[in-house]
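Me: I am new to this structure and would like a close look at a single part of it, with enough of the whole to see where that part belongs. Please take it slowly and keep the reasoning in view.

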Amino acid sequence: MRLASTLVLVVVVLGLGQLLLQGMLVLAVALRAGATGESTSDAIRVVTTEPLALGVAQLIGLGAVIFLGWRVLHPERPLSDAVGLPPGAIVSWRALALSFVAGLALQLPLVELMNGLADLLPSLARDPVRDELIRAAVRIDGPVRAFSVPFAVVLVPAVTEELLFRGIVLGRLRELTSLPAAVVLVALLFGAFHLEPLAFVYATLAGLVLGTLTAHAP
């Protein structure tokens with residue numbers, strides 16, 4: 001399979017992933033409105049600020065995309081190998097702790113970079129209404145949300161996005177082009193998957209770092 005045709009397949013798979021994610025949220029809104037009699041706008045606010053609903057939607061949606069990407073891009077390999085986890089691989093608690101610290105260290109400068117870009121280019125600034133919904137979604141104001149917020153904001157995105165982008169997609173592209181080119185392409189795809197202009201910058205830079213670390217992992 002040539003690089004150009006593979007990239008087309010990757011874009012199609014990721015596009016289907018976004019449609020599935022949005023479709024899951026629309027379904028959740030419809031079910032909420034039908035069950036409670038709330039208006040559509042009220043149901044949207046509840047669903048988009050409920051971390052458990054968001055986490056489950058992403059888990060199902062990206063889980064399906066990971067499966068589809070595996071069958072399309074790595075049909076000859078077992079799933080564990082396609083996502084970069086050979087059978088029997090064990091991740092130590094020390095490695096998980098170091099990954100968490102590294103993620104925090106990466107988060108802070110990237111957030112500051114986004115804030116600086118928003119100040120320099122106001123047209124790229126995030127929608128304040130959307131920012132308010134995000135703040136409501138990540139608010140921890142009770143024991144249930146103390147678990148559901150980390151589940152939706154940290155665990156699900158980290159696992160699903162890394163298995164998809166740095167596992168399935170990077171694993172395929174590095175077979176068709178040079179390793180640096182594959183890392184850059186996956187980072188750009190990762191940025192585009194986040195849709196918003198500032199998120200594109202943020203995610204692309206993060207993708208370059210994460211892709212480089214993945215490519216040089218033992």
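Reply: Of the contacts in the protein chain with a separation of 6 or more, 67% are made by residues that stand 24 or more positions apart. This is a predicted model, and its protein chain has a secondary structure of nine helices and zero strands, so that, read from the N terminus on, the elements run α-α-α-α-α-α-α-α-α. Of the 218 residues in the chain, 31% count as buried.

The part to look at closely is the pairing of helix H1, which covers residues 3-36, with helix H2, which covers residues 40-48. The axes of these two helices come within 9 Å and cross at roughly 120 degrees. An angle counts as roughly perpendicular from 65 to 115 degrees and as roughly antiparallel over 145, and H1 and H2 are therefore oblique to each other. The crossing of H1 and H2 is right-handed.

On the H1 side, the residues that take part in the meeting are Leu-25, Ala-28, Val-29, Arg-32 and Ala-33, and on the H2 side they are Thr-40, Ala-43, Ile-44, Val-46 and Val-47. Sorted by class, this contact of H1 with H2 is made up of eight nonpolar residues, one polar residue and one charged residue.

Within this meeting, Ile-44 of helix H2 is a useful residue to follow. The C-alpha atoms of Ile-44 and Val-29 are separated by 5.6 Å, although these two residues are 15 residues apart along the chain. Ile-44 has a relative accessible area of 40%, and because that value lies between the 20% limit for buried and the 50% limit for exposed, Ile-44 is described as partly exposed.

For a contrast from elsewhere in the chain, one can turn to Arg-166, which lies in helix H7, the helix of residues 143-173. Arg-166 has a relative accessibility of 7%, which is under the limit of 20%, and therefore counts as buried. The side chain of Arg-166 is joined to that of Glu-162 by a polar contact of 2.6 Å. If the neighbours within four places in sequence are left aside, Arg-166 is in contact with Glu-161, Val-186, Phe-190, Gly-207, Leu-210, Gly-211 and Thr-214.

To return to the part in question, then, H1 and H2 form an oblique pair with a right-handed crossing, and Ile-44, one of the H2 residues that meet H1, is partly exposed, whereas Arg-166 in helix H7 is buried.

Methods: Residues are numbered from 1 along each chain as its sequence is written. This is a predicted model: local features need pLDDT of at least 70, side-chain atom pairs count only at pLDDT 80 or more; totals for chains, interfaces and linings use all residues. Side-chain values use heavy atoms; hydrogens and water are left out. Axes are lines fitted to C-alpha atoms, for helices over the stretch in contact, and angles run from 0 to 180 degrees between N-to-C directions. Helices (H or I, at least four residues) and strands (E, at least two) are DSSP runs, numbered from the N terminus. Angles under 35 degrees count as roughly parallel, over 145 as roughly antiparallel, 65 to 115 as roughly perpendicular and the rest as oblique. A crossing is left-handed if the near helix is turned anticlockwise from the far one by less than a right angle, and right-handed if clockwise. Contact means heavy atoms within 4.5 Å. Ala, Val, Leu, Ile, Met, Phe, Trp, Tyr, Cys and Pro count as nonpolar, Asp, Glu, Lys and Arg as charged, and the others, Gly among them, as polar. Buried means under 20% relative accessible area, exposed over 50%, partly exposed in between (1.4 Å probe, protein chains only). A polar contact is a pair of N or O atoms within 3.5 Å; within protein, one must be able to donate a hydrogen and the other to accept it, and residues adjacent in sequence count only if both atoms are side-chain atoms.
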